[in-house]
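User: I'd like to learn how to read a structure like a structural biologist would. Could you walk me through one, feature by feature?

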Amino acid sequence: MYSEKVMDHFMNPRNQGEITDADGVGEVGNPTCGDIMRIFLSVKENIITDVKFQTFGCGAAVASSSMATELIKGKTLEEAWEVSNKAVAEALEGLPPIKMHCSVLAEEGIHKAINDYRIKQGLPPWEEKAGHHHGHDDGTCET
Ligand code: FES
């Protein structure tokens, strides 16, 4: 049911691990399935110079976080903020519909990590776009 890209990122995750002196950390969880994702950012002059993730969750969540870290590495914070879960899923050559919500964790994790960085810098956190769906109330999350 998974594309080759998903399987590749699941079996050989990129940027897995932890940055102990991270400039921003985001932790998100999916209350339905209990999966957890942490994103660690190193930021220099508004550029994400390093990013790592820890994901305790399903294969799609691991693959999404791996791909998401690749997409935002070297990007400005503004560019990284714009990386949507859809972009992550597209880069993975698609996710099965019942697994789309797993990629939402990656987008949320990046947003939390960026805002953690901004708050630490004394800057106001960025707001999520209106109408952005962050819920997992569609009953599609597997345990
Ligand atoms: Fe929970 Fe994928 S993140 S099933």
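**Helix packing, core and loops**

Analyst: Let's start with a pair of helices: helix 2 and helix 5 cross in a right-handed sense. Keep in mind that this is a predicted model.

User: Which residues of helix 2 and helix 5 make the contact?

Analyst: On the helix 2 side they are Ala60, Ala61, Ser64, Ser65, Ala68 and Ile72, and helix 5 brings Cys102, Ser103, Leu105, Ala106, Gly109 and Ile110.

User: How do I describe a packed pair like that?

Analyst: In general, you give two things for packed helices: the angle between their axes and the distance between those axes. Here the axes of helix 2 and helix 5 come within 8 Å and cross at roughly 40°.

User: Why are helix 2 and helix 5 called oblique?

Analyst: Angles under 35 degrees would count as roughly parallel, and 65 to 115 as roughly perpendicular. The crossing is at roughly 40°, so helix 2 and helix 5 are oblique to each other.

User: What about helix 5 on its own? How many residues does helix 5 have, and how far does it reach?

Analyst: Helix 5 has 21 residues and spans 31 Å from first C-alpha to last, close to the 30 Å expected at 1.5 Å a residue. Of those 21 residues, 16 are buried, so helix 5 is largely enclosed by the rest of the structure.

User: Then how should I think about the core?

Analyst: As a general idea, nonpolar side chains in soluble globular proteins tend to be buried together. In this model the largest nonpolar core has 32 residues, and Ile39, Leu41 and Ile110 have the most contacts inside it. At least two residues each come from strand 2 (36-44), strand 3 (47-56), helix 2 (59-72), helix 3 (77-81), helix 4 (85-91) and helix 5 (100-120). Helix 5 gives the most, with eight residues.

User: Ile110 has come up twice now. What is Ile110 in contact with beyond its neighbours within four places in sequence?

Analyst: Its partners are Gly26, Ile39, Ala68, Ile72, Ala80 and Val83. Two of those names should ring a bell: Ala68 and Ile72 were on the helix 2 side of the helix contact.

User: Is there anything in helix 5 with a different story? Say, is Arg118 buried or partly exposed?

Analyst: Arg118, which lies in helix 5, is partly exposed, with 16 other C-beta atoms within 10 Å. The cut-off for buried is 20 or more, so Arg118 falls short of it. Setting aside residues up to four places away in sequence, Arg118 touches Leu123, Pro124, Pro125 and Trp126. Arg118 also sits 9.2 Å from Asp23, C-alpha to C-alpha, although 95 residues separate them in sequence.

User: Last topic: how do I read backbone phi?

Analyst: Most residues other than glycine have a negative phi, and most peptide bonds are trans. Just after helix 5, Gly122 has a positive phi of about 80°. Asn46 also has a positive phi, about 75°, although it is not a glycine. Glu93 is another non-glycine with a positive phi, of about 60°.

User: Where are Asn46 and Glu93?

Analyst: Asn46 is in the loop between strand 2 and strand 3, and with 11 C-beta neighbours inside 10 Å it counts as exposed. Glu93 is in the loop between helix 4 and helix 5; with 13 other C-beta atoms within 10 Å, Glu93 is partly exposed.

User: And which loop holds Glu45?

Analyst: Glu45 is in the loop between strand 2 and strand 3, and is exposed, with 6 other C-beta atoms within 10 Å. The C-alpha atoms of Glu45 and Leu77 are separated by 9.6 Å, with their positions 32 residues apart along the chain.

Key. Residues are numbered from 1 along each chain as its sequence is written. This is a predicted model: local features need pLDDT of at least 70, side-chain atom pairs count only at pLDDT 80 or more; totals for chains, interfaces and linings use all residues. A nonpolar core is a set of buried Ala, Val, Leu, Ile, Met, Phe, Trp, Tyr and Cys residues joined through C-beta atoms within 7 Å. A residue is buried if 20 or more other C-beta atoms lie within 10 Å of its own, exposed if 12 or fewer, and partly exposed in between; C-beta atoms are placed from the backbone. Helices (H or I, at least four residues) and strands (E, at least two) are DSSP runs, numbered from the N terminus. Two residues are in contact if their C-beta atoms, placed from the backbone, lie within 7 Å. The expected span of a helix is 1.5 Å times one less than its number of residues. Axes are lines fitted to C-alpha atoms, for helices over the stretch in contact, and angles run from 0 to 180 degrees between N-to-C directions. Angles under 35 degrees count as roughly parallel, over 145 as roughly antiparallel, 65 to 115 as roughly perpendicular and the rest as oblique. A crossing is left-handed if the near helix is turned anticlockwise from the far one by less than a right angle, and right-handed if clockwise.
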